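Dear colleague,

I am handing over the structure we spoke about, so please open it beside this message. My notes on it follow directly below.

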Amino acid sequence: MRFSHNAKSIVFIATVLLISLLSPASILGASAKNPSEGTKLKESEIQSYVSDMQPGWNLGNTFDAMGEDETSWGNPRVTKELIQQIAKQGYKSIRIPITWDQRMGDGPDYKIDPAFMDRVEEVVNWSLDAGLYVMINLHHDSWIWVHQMGENRDEVFPRYQAAWTQIAHTFKDHSHKLMFESINEPRFNSGWGSEDQTHYVHLDELNTSFHKIVRESGSKNTDRPLVLPTLETNAGQERLDELYQTIVKLDDPNLIATVHYYGFWPFSVNIAGFTRFEEQTKKDITDTFDRAFDTLVSKGIPVILGEYGLLGFDKNTGTIEQGEKLKFFEFLTHYVQEKNITHMLWDNGQHFNRTNLKWNDQDFYELMRASWKTRSATAESDLIFIKKGEKVQDTSIKLELNGNKLTGTFVNRKKGEKLHKGKDYILSGNTLTLKANTLEKLTASGQYGDNAELTASFNKGADWTFDVILHDTPKLQSAAGSADSFAIPAAFNGDRLATMEAVYSDGTNAGPQNWTSYKEFGYAFTPSYQSNEIKLLENFFNEVNDGIVNLKFHFWSGEVLNYQITKNGDEVTGKVTSN
């Protein structure tokens with residue numbers, strides 16, 4: 001139902017009065033004040049439970065894989081040692097995404113394969129034995145079959161109920177540190193972004209049914225913590241409001257809300273020139289979690305950020321430049337924790353290596369680990385470029401100290417050589433200036449590329465690492481190829497590619513996502529520093545018209561190179577053009 005502005009005001013006042021009597025905030029005794037304003041929430045038991053889960057980790061691309069077994073998406077079989085190592089890394093909770101679709105028989109029983117259920121239970125038990133809180137769910141079932149709820153309710157709804165009836169029965173005697181999540185990223189059409197009112201009705205029906213099945217299954221399920229998602233697990237205001245109404249209606253003190261977050265989309269995939277962690281990306285974080293706090297947490301409903309990361313990681317963790325990536329995660333984890341929201345890192349194998357049980361990016365982990373207790377200092381960049389053949393100058397870099405103090409600067413990670421304040425560097429306020437003589441010594445090899453790492457250490461939080469890079473203007477060459485395999489020979493000369501623009505001769509934007517001239521990194525183009533080329537990918541040419549396209553390559557040093565390609569059917573040629 002829709003209301004006029006005046007009617008909304010009347011309904012709002014009445015709702016506030018009703019909620020003050022019936023809402024979980026009243027039942028659980030939570031304060032409505034914002035912790036970022038200096039007043040912490042008075043935690044209810046369920047909020048304390050969720051707070052104790054901080055931080056969390058996802059066992060992604062394993063039991064949610066849609067192949068024959070848990071290894072079908074490239075990860076090794078889960079071992080007890082892996083689970084124990086996750087706990088040793090400091091994680092307090094684990095989310096185990098599970099796709100049940102191919103493991104279920106036909107209706108009306110929709111029996112789950114007993115061997116698969118036993119395997120899930122084995123890993124759940126390992127996780128509980130390791131002292132972890134555990135969340136299990138229905139995962140990719142959401143878009144494989146549950147999304148058909150509107151047009152195929154007679155099959156979808158009984159199947160959903162059958163799945164949870166069996167899962168609830170299997171785990172009903174397990175510790176309360178095990179929680180159930182009703183459905184992952186629920187949606188009710190084939191795409192994303194819909195807010196049709198019927199979709200909210202479908203989700204409410206699923207969540208309500210899930211709640212009833214679990215509670216009536218007895219034993220420890222009568223008060224087991226249950227996790228309910230918003231539509232698409234998105235933190236838009238209407239979606240939060242709708243979930244809030246469902247939770248109020250269920251009138252159960254052991255319910256938890258969940259949302260997911262993968263950042264401001266242009267930054268998250270490196271498109272439209274959003275190569276840096278800037279104010280718009282930061283504002284998207286604060287707006288998102290302000291909404292979640294104001295709508296749910298402040299009213300006594302705890303929130304779990306069940307997945308978070310950057311969408312560009314689906315292609316490569318290098319899609320977003322290292323320092324910009326680290327600034328994003330430092331600020332995100334800080335702000336989420338300020339809002340009393342527990343976060344669970346999405347990891348499909350790209351972060352914690354499940355073969356050698358080590359982090360693929362130790363700097364990333366060290367910053368994340370530090371952020372659980374304090375803030376880390378960052379800098380405007382982690383790249384210091386020195387151009388070959390030019391007189392080396394002092395280089396100044398602004399630091400984002402976040403309340404910390406610089407305690408020392410060292411050459412290389414192991415801090416083998418300490419730089420001397422005043423001689424090698426100067427710190428003035430939040431500006432770090434590296435002296436020319438120091439940078440000249442560090443790049444004396446004359447070799448292009450990384451010549452040294454400078455580590456800035458602080459009294460709290462993680463170190464910040466600068467790459468000192470000797471470079472010269474990159475050089476591109478003419479090329480010929482096909483739309484499914486075209487690469488521009490490139491001498492990067494120590495430089496790194498940040499982004500690419502593409503426009504037709506008339507100045508209109510070319511290629512996919514033609515609302516912007518800046519193309520998506522890793523989707524339309526990608527550099528290969530090993531093979532010394534810039535690849536224009538098939539995705540790019542699939543949406544490029546025949547004729548001339550002018551390209552502009554932007555490098556992290558500030559260099560910009562122009563290049564022109566001509567497409568004629570599947571044939572593509574390219575040449576360097578003047579800058």
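Buried residues, meaning those under 20% relative accessible area with a 1.4 Å probe and only protein chains counted, make up 55% of the 579 residues in the protein. Please keep in mind that this is a predicted model, in which local features need pLDDT of at least 70 and side-chain atom pairs count only at pLDDT 80 or more, while totals for chains, interfaces and linings use all residues. Residues are numbered from 1 along each chain as its sequence is written, and side-chain values use heavy atoms, with hydrogens and water left out.

The largest nonpolar core, a set of buried Ala, Val, Leu, Ile, Met, Phe, Trp, Tyr and Cys residues joined through side-chain atoms within 4.5 Å, has 126 residues, and I96, W100, I136, F180, F329 and F466 are those with the most contacts inside it. Helix α7, residues 153-171, gives the most to this core, with 9 residues; a helix here is a DSSP run of H or I with at least four residues, and a strand is a run of E with at least two. A second, separate core of 28 residues includes L476, A479, A483 and A524.

If residues up to four places away in sequence are not counted, F329 touches Y308, G309, L310, F313, L345, F364, L367 and M368, where contact means heavy atoms within 4.5 Å. Among contacts between residues at least 6 apart in sequence, 71% join residues at least 24 apart.

As for the whole protein, there are 15 helices and 28 strands, and the C-alpha atoms fill a box of roughly 75 × 60 × 60 Å, taken along the principal axes.

Best wishes

Conventions. Buried < 20%, exposed > 50% of the residue type's maximum accessible area, 1.4 Å probe, protein only.
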